Amino acid sequence: MSALKRGDGTAAWAALLGHYQAHGRDFELGDAFARDARRFANFSFEAPEVFADLSKNHIDTATLHFLLALAQECGLPGQRDAMLRGEVANATEGRAVLHTALRAPRGAAPFSDEVHGVLDSMLAYAEAVRADQGFTDVVNIGIGGSDLGPRMVVQALQPFAHSRLRLHFVSNVDGHDIAPLLATLDARRTLFIVASKTFTTQETMANAHAAKAWFQAQGGSETARHFVGVTTNLLAAATFGISTTFGFWDWVGGRYSLWSAIGLPIAIAVGAPGFQDLLAGAHAMDQHFAHTPLAQNLPVVLGLLDVWYRNFHGRTSRSVAPYHEGLRRLPAYLQQLEMESNGKSVDRDGQPLPFGTSPVVWGEPGTNGQHAYFQMLHQGTDVIPVEFIAVKKPAHTLPEQHQMLLANCLAQSQALMLGKTAQQAATEKAPTASPDIPAEVLARHRSFPGNRPSTTLMLDALTPRALGALVAMYEHRVFTSGVVWGINSFDQWGVELGKALAGQLLPRLASGDTTGLDASTAGLLSRLRR
Ligand code: F6P
């Protein structure tokens with residue numbers, strides 16, 4: 001049995017329940033700002049490369065006080081320090097959790113020699129590929145953590161990318177992913193990176209074999225030059241026929257692996273200095289997480305805010321709205337990071353949890369979301385905390401459009417907070433309304449409840465360093481809420497059943513045998529074969 005306290009067993013949790021009933025449930029942002037002229041300053045947080053405005057959230061000083069007490073009672077500082085020292089944090093897989101060691105300077109963290117040895121050779125290889133005029137296209141074949149992080153980062157850092165090399169990402173086992181891409185490539189000029197921690201993942205292996213077969217069918221002969229592997233399973237990569245392989249370690253979780261050799265496509269795109277800057281930004285955030293008092297510790301406070309909304313307000317989802325096109329895959333990346341980490345329903349001791357864990361994380365880059373689901377955020381029946389991400393300096397030369405983007409970002413969080421009463425709406429003309437609709441009915445349609453919470457994160461520019469810090473901040477935020485929920489944030493047993501059943505169904509799709517299957521699956525399988 002774990003000696004660690006789970007959130008709901010603490011005095012702070014009980015205090016938070018009382019605080020929620022007395023002040024949280026009916027919290028009014030308008031009143032909070034009226035009461036406290038310094039609310040913006042009081043609820044602003046500065047972390048390396050990331051500024052956060054939490055003032056538009058349903059929190060006050062007492063809320064933070066109780067949440068910080070909750071973190072202390074759950075032993076967050078001790079658990080954080082143990083993780084950073086490399087003491088086992090993933091008990092159900094018997095592994096340490098040390099992605100922070102991947103971005104620590106030489107000699108500053110466990111396994112430094114191994115980490116920097118692979119990093120040096122991976123970066124040297126990336127530079128060699130960048131300098132090699134023979135390559136025009138690089139295809140990363142991987143899925144989950146072996147795809148989402150590198151893909152998101154390469155997109156975000158496009159302005160820093162190599163001008164000749166085109167980077168592609170293939171993840172889906174659906175042949176509609178790889179087939180059209182292969183049709184555009186020249187085998188003599190393409191490098192394939194097969195990225196898989198285990199080197200057994202069905203999707204990745206299927207795509208890697210398809211790529212190899214295509215390469216050979218195109219007359220490609222130098223497999224060793226055109227295929228490179230990134231994996232912890234060096235033997236399997238060798239069996240596949242790959243001779244250049246960069247390794248990493250079982251203490252790097254798939255969704256925490258973009259800092260390892262899994263980041264090879266990033267290093268090829270932005271070069272060794274760019275990759276080092278990404279690591280340096282993440283390390284700066286690690287230092288902030290490790291050493292800043294909890295009350296000013298941005299990932300800690302954000303993780304506790306997630307607990308506040310999920311467990312006391314009952315909010316089941318959080319929408320992420322990055323107002324930067326480069327961050328368009330950030331929500332998808334966060335879905336794996338947050339939901340695969342904290343989508344759990346038993347605690348460390350296997351006891352069923354009586355409270356909710358990971359919210360659904362979703363979103364689109366602004367302003368696209370505004371013209372799709374923001375209607376629901378503003379007027380829907382559910383209150384969904386929104387996280388805006390604004391970037392001060394653009395990497396393009398269209399300043400007017402950047403001003404429009406920023407104005408929209410500010411306007412959305414303002415509108416969510418301010419709302420509009422039916423009385424206010426009644427004073428406005430609605431040019432398109434039917435003359436039959438009574439004015440007070442129309443005003444109700446046109447009113448906004450307001451008081452809807454949001455956070456705004458701000459970066460100066462989307463540089464490798466800033467992006468590294470931002471992503472590390474999310475990693476530590478997930479750790480924080482996971483500690484309060486008393487769960488193992490580093491395993492993912494929930495993905496196994498579907499994988500095993502797919503393995504059993506595959507031969508049945510060929511044979512048509514439905515013996516022993518449930519009626520629905522049998523019916524669907526038969527229909528697919530008809
Ligand atoms: O879907 C589960 C998972 O194990 C993820 O955690 C992981 O990132 C992904 O599959 C890919 O795994 P691998 O890198 O071993 O191919």
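# Contacts, ligand and backbone in a predicted model

Me: Which residues does M417 touch, not counting residues up to four places away in sequence?
Reply: This is a predicted model, and in it M417 has its place in helix α16, which covers residues 399-418. Once residues up to four places away in sequence are left out, the residues that M417 touches are L29, F33, K56, G450, N451 and R452.

Me: How far apart are the C-alpha atoms of M417 and N451?
Reply: N451 is among the residues that M417 touches, although the two stand 34 residues apart along the chain. The separation between their C-alpha atoms is 4.4 Å.

Me: Is M417 buried or exposed?
Reply: A residue counts as buried when its relative accessible area is under 20%. The relative accessible area of M417 is 16%, and therefore M417 is buried.

Me: Which residues around the ligand come nearest to it?
Reply: There are 14 residues around the ligand. Among them is S146, which lies in the loop between β3 (137-141) and α7. The residues that come nearest are G145, S146, S196, T198 and T201.

Me: How much of the area that the ligand exposes when taken alone does the protein bury?
Reply: Oxygen atoms of the ligand have polar partners in the protein, including a backbone N or O atom of G145 at 2.7 Å and a backbone N or O atom of K197 at 2.7 Å. In the side chain of T198, an N or O atom is 2.6 Å from an oxygen atom of the ligand. Taken alone the ligand exposes 390 Å², and the share of this that the protein buries is 86%.

Me: Is S146 buried or exposed?
Reply: Leaving aside residues up to four places away in sequence, S146 touches N140, A195, S196, K197 and I262. Its relative accessible area is 8%, and because this is under the 20% limit, S146 counts as buried.

Me: What is the phi angle of F199 near, in degrees?
Reply: F199 is found in the loop between β5 (190-195) and α9 (202-217), and at 4% relative accessibility F199 counts as buried. Its phi is positive, in a residue other than glycine, with a value near 60 degrees.

Me: Is E49 buried, partly exposed or exposed?
Reply: E49 lies in the loop between β1 (44-47) and β2 (50-53), and E49 is a residue other than glycine with a positive phi, near 70 degrees. Partly exposed residues fall between the 20% limit for buried and the 50% limit for exposed. With a relative accessibility of 33%, E49 therefore counts as partly exposed.

Me: Which residue has a backbone oxygen that lies 3.0 Å from a polar atom of the side chain of H162?
Reply: H162 is found in the loop between α7 and β4 (166-170), and at 17% relative accessibility H162 counts as buried. The side chain of H162 reaches the backbone nitrogen of L165 at 3.2 Å. The backbone oxygen that lies 3.0 Å from a polar atom of this side chain belongs to R130.

Me: How many of the 13 residues of α14 are buried?
Reply: Helix α14 runs over residues 330-342 and reaches 17 Å from its first C-alpha to its last, close to the 18 Å expected. What covers its buried residues includes α7 (148-156), β8 (317-323), β9 (360-362), β10 (386-393) and α19 (464-485). The helix is mostly covered, and the number of its residues that are buried is 10.

Me: Which residues does F374 touch, not counting residues up to four places away in sequence?
Reply: F374 lies in helix α15, residues 374-379, and at 2% relative accessibility F374 counts as buried. Its C-alpha atom is separated by 9.9 Å from that of S319, 55 residues apart along the chain. With residues up to four places away in sequence left out, F374 touches A321, Y323, G369, F388 and Q412.

Me: Which residue does a cis peptide bond join to G366?
Reply: The omega angle of this cis bond is about 10 degrees. The partner of G366 lies in the loop between β9 and α15, and that partner is T367.

Me: How many disulfides does a search of the whole structure find?
Reply: Among the buried residues are C74, at 1% relative accessibility, and C409, at 2%. For a disulfide, a pair of cysteine sulfur atoms would have to lie within 2.5 Å. Over the whole structure, the number of disulfides found is zero.

Notes. Residues numbered from 1 in each chain as written. Predicted model: local features only at pLDDT ≥ 70, side-chain atom pairs only at ≥ 80, totals over all residues. Heavy atoms only, no water. Buried < 20%, exposed > 50% of the residue type's maximum accessible area, 1.4 Å probe, protein only. Helix = DSSP H or I, 4+ residues; strand = E, 2+ residues; numbered from the N terminus. Expected span 1.5 Å × (residues − 1). Contact = heavy atoms within 4.5 Å. Near = heavy atom within 4 Å. Polar contact = N/O pair within 3.5 Å; in protein donor to acceptor, adjacent residues only side chain to side chain. Areas by Shrake-Rupley, 256 points an atom, 1.4 Å probe, with all protein chains shown as cover.
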